[in-house]
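Student: Please take a close look at one metal site in this model and describe how it is built.

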Amino acid sequence: MTEPLFRDDAYLREAEAIVSSVESGGIILNRTVFYPQGGGQPGDRGELILDDGSLLAVVNTTYAADRAAILHNLAEGSAPPAPGARVVARIDWDLRFKRMRAHTALHLLTAVLPYPVTGGAVGDGEGRLDFDSGEAALDKAEIAEKLNALIAKDATVRMRWISDDEFAANPGLVKTMSVKPPTGTGRVRLVEIEGIDLQPCGGTHVRRTGEIGQATVTGIEKKGRLNRRVRIALSQSAA
Ligand SMILES: [Zn+2]
């Protein structure tokens, strides 16, 4: 299995690691800072730096079938390092930080629009969520104003873990019906935005909402009679 270093510290840009195995789908390391595609967030890109200084581009990161190991997908034609080799795994931080800001902004959006979430995606400085908002009239300017007010609070984002049993006893914690938080390891990670939002999530987030920067609502689309897709975009750089 791969130790997911990003789970405890999303701000780690690189880490030393050992190649555990080389699979057809990619390189498995004993530990990594690379976030694997999942929960609506794309897999990280970056590079593996070998002992001789040569670089291997990682074009995507995915879970292996067992969900315990993480595959660093290499560009086609690259020669993989041998098992046991030491590498430095380094993510494309600019890209990741854009995703962390967008991901955290989507948490805030669920506080602005307190409806069940049926789908979503984190992009590079933008994102979307689908809401079962019923007959509610959604207004772009009003949503953006409320979202930016929450960002401006510069609230602290914290993680804490609860047991699977505790989680099962609190079904109200789940806002996103389409993305089940991973259970079965005995514990579930909760992401708390102080005074604003609390939900289980395995993604990467910024430490304070002020890091998100200015948000705009770029679209509200009708996905079903009672379902709306809300798209947001963030300013180029964080505030
Ligand atoms: Zn999250």
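Tutor: What follows covers the zinc site, its donors and their places in the chain. This is a predicted model, in which local features need pLDDT of at least 70 and side-chain atom pairs count only at pLDDT 80 or more, while totals for chains, interfaces and linings use all residues. Residues are numbered from 1 along each chain as its sequence is written, and side-chain values use heavy atoms, with hydrogens and water left out.

The zinc ion has as protein donors His 103 (NE2), His 107 (NE2), Cys 201 (SG) and His 205 (NE2), at 1.9 to 2.1 Å. Donors here are N, O and S atoms within 2.8 Å of the metal (3.2 Å for Na, K and Ca); water is not among the atoms, so sites may look incomplete. The angles among the 4 donor atoms run from 98 to 124 degrees, and the site is tetrahedral, a label given to four donors if all angles lie between 85 and 135 degrees. For four tetrahedral donors the ideal angle at a metal is 109.5 degrees.

Along the chain, the donors of the zinc ion are spaced as H-x3-H-x93-C-x3-H. Distant parts of the chain are linked by the pair His 103 and His 205, 102 residues apart: His 103 is in helix α1 (residues 93-112), and His 205 is in the loop between β13 (197-200) and β14 (215-224). Helices (H or I, at least four residues) and strands (E, at least two) are DSSP runs, numbered from the N terminus. His 103 and His 205 are both buried, that is, under 20% relative accessible area with a 1.4 Å probe and protein chains only.

Beyond that loop, β14 runs antiparallel to β15 and is joined to it by 8 bridges.

Technical notes
Tetrahedral: all angles 85-135°; square planar, octahedral: opposite > 155°, others 65-115°. Buried < 20%, exposed > 50% of the residue type's maximum accessible area, 1.4 Å probe, protein only. Pairing = 2+ DSSP bridges.
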